[in-house]
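Please look over the chain and the two small molecules shown with it, and then follow the paragraphs below, which begin at one of those molecules and move outward.

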Amino acid sequence: YHQTPVITIDGPTASGKGTVAALVAARLGFHLLDSGALYRLAALASLRYDVAPDAADALVALVDDLHITFREGLAQLDGVDVSDDIRAEAIGNRASAIAVHQPVRAALVARQRAFRKQPGLVADGRDMGTVIFPDAALKVFLTASVEARAERRYKQLIQKGFSANMDDLLRDLRERDARDTNRAAAPLKPAADAKLLDTSALSIDEAVDQVVQWYGAQ
Ligand code: CDP
Ligand code: CDP
């Protein structure tokens, strides 16, 4: 039995996990784990150190001595802020390609669990409720239509100064969802005890309110 509560928020790409998780954590005064950022940092490192996305053993070695820090929402690789660099769609797609390897996932487990500290943690990703924190106090699975998600990601990318194309985004999102859902290692799926929340027609505040209410109600 673990005394530090965890709220897990899993779901497909651009379903709103990161945004909702950060706001729920702020409301409750909890710590935050953006597990996708870890996979994105590993993807960025694999590009920089020229490790192929299918070279599982080399990726594990890379992940084992990844020099990363998270501070106030900023992600650093080797002491340099890369918060914006890891948000590129190409990095998300590469993260998904390296995340299929079970040994790579295993190499990231301890780093993720280390985020569990008092007074509590909100963790978002794909397997937070199913694999990393199976004893979470509340498990949420966010969904939204692929069109709603592509539109959100489009706006987000443009806002960050990346170029984006709606047709490419829709194709990439579908491809990434399929890869994340169909892989053997920790596939994207709701935990048996997860609460489903479709955010297609919800504002961010409404989604946050629902999660906080569920947490308070249990
Ligand atoms: O972390 P994930 O990829 O699941 O999604 P996100 O980066 O948190 O959200 C993608 C975009 O959708 C952000 O720009 C959010 O502001 C937006 N969003 C929204 O418009 N409505 C929601 N209910 C949730 C997120
Ligand atoms: O923001 P978005 O939902 O597009 O992606 P992300 O959460 O930053 O994750 C990027 C990729 O990392 C995903 O497509 C997954 O393949 C992988 N990932 C994973 O396998 N397990 C996690 N807990 C988080 C991310």
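A nitrogen atom of ligand 1 sits 3.1 Å from a polar backbone atom of L202, which is a polar contact in the sense used here, namely a pair of N or O atoms within 3.5 Å, where within protein one must be able to donate a hydrogen and the other to accept it, and residues adjacent in sequence count only if both atoms are side-chain atoms. Taken alone, ligand 1 exposes 550 Å², of which the protein buries 80%; accessible areas come from the Shrake-Rupley method with a 1.4 Å probe, and for residues only the protein chains shown count as cover. All of this concerns a predicted model, in which local features need pLDDT of at least 70, side-chain atom pairs count only at pLDDT 80 or more, and totals for chains, interfaces and linings use all residues. Residues are numbered from 1 along each chain as its sequence is written, chains are lettered from A and ligands numbered from 1 in the order in which they are written, and side-chain values use heavy atoms, with hydrogens and water left out.

Ligand 1 makes further polar contacts through oxygen: one oxygen atom is 2.9 Å from a polar backbone atom of A14, and an oxygen atom is 2.8 Å from an N or O atom in the side chain of R153. In total, 14 residues surround ligand 1, with K17, G18, T19, R153 and Q156 the closest, where a residue is near a molecule or strand if one of its heavy atoms lies within 4 Å of it. Helix 1 (17–28) and helix 7 (146–159) each give at least two residues to this shell; helices (H or I, at least four residues) and strands (E, at least two) are DSSP runs, numbered from the N terminus. Sorted by class, the shell of ligand 1 holds four nonpolar, seven polar and three charged residues, with Ala, Val, Leu, Ile, Met, Phe, Trp, Tyr, Cys and Pro counted as nonpolar, Asp, Glu, Lys and Arg as charged, and the others, Gly among them, as polar.

The UniProt annotation "binding site", from an unreviewed entry, covers G11, P12, T13, A14, S15, G16, K17, G18 and T19; such positions are given in the numbering used here, feature names are shortened, and annotations may be inferred rather than shown by experiment. A14 belongs to the loop between strand 1 (6–10) and helix 1, and its phi is near 60°, a positive value in a residue other than glycine. Is A14 buried or exposed? A14 counts as buried because its relative accessibility is 8%, buried meaning under 20% relative accessible area, exposed over 50%, and partly exposed in between (1.4 Å probe, protein chains only). Not counting residues up to four places away in sequence, A14 touches R149, R152 and R153, contact meaning heavy atoms within 4.5 Å.

S15 lies in that loop between strand 1 and helix 1 as well, and S15 is buried because its relative accessibility is 1%. With residues up to four places away in sequence left out, S15 touches L142, T143, R149, R152 and T199, while a polar atom of its side chain lies 2.8 Å from the backbone oxygen of P12.

Turning to the second small molecule, an oxygen atom of ligand 2 is 2.7 Å from an N or O atom in the side chain of R105, an oxygen atom is 3.0 Å from an N or O atom in the side chain of R126, and a nitrogen atom of ligand 2 lies 2.8 Å from a polar side-chain atom of D127. On its own ligand 2 has 530 Å² of accessible area, and the protein covers 97% of it. The elements giving two or more residues to its shell are helix 2 (35–48), helix 4 (89–98) and helix 8 (166–182), and helix 2 provides the largest share, four residues. Among the 19 residues around ligand 2, T13, R40, R105, R176 and D180 come nearest, and by class the shell has five nonpolar, five polar and nine charged residues.

Away from the ligand shells, the peptide bond from Q118 to P119 is cis, with omega near 5°, and P119 is placed in the loop between helix 5 (102–113) and strand 6 (121–125).
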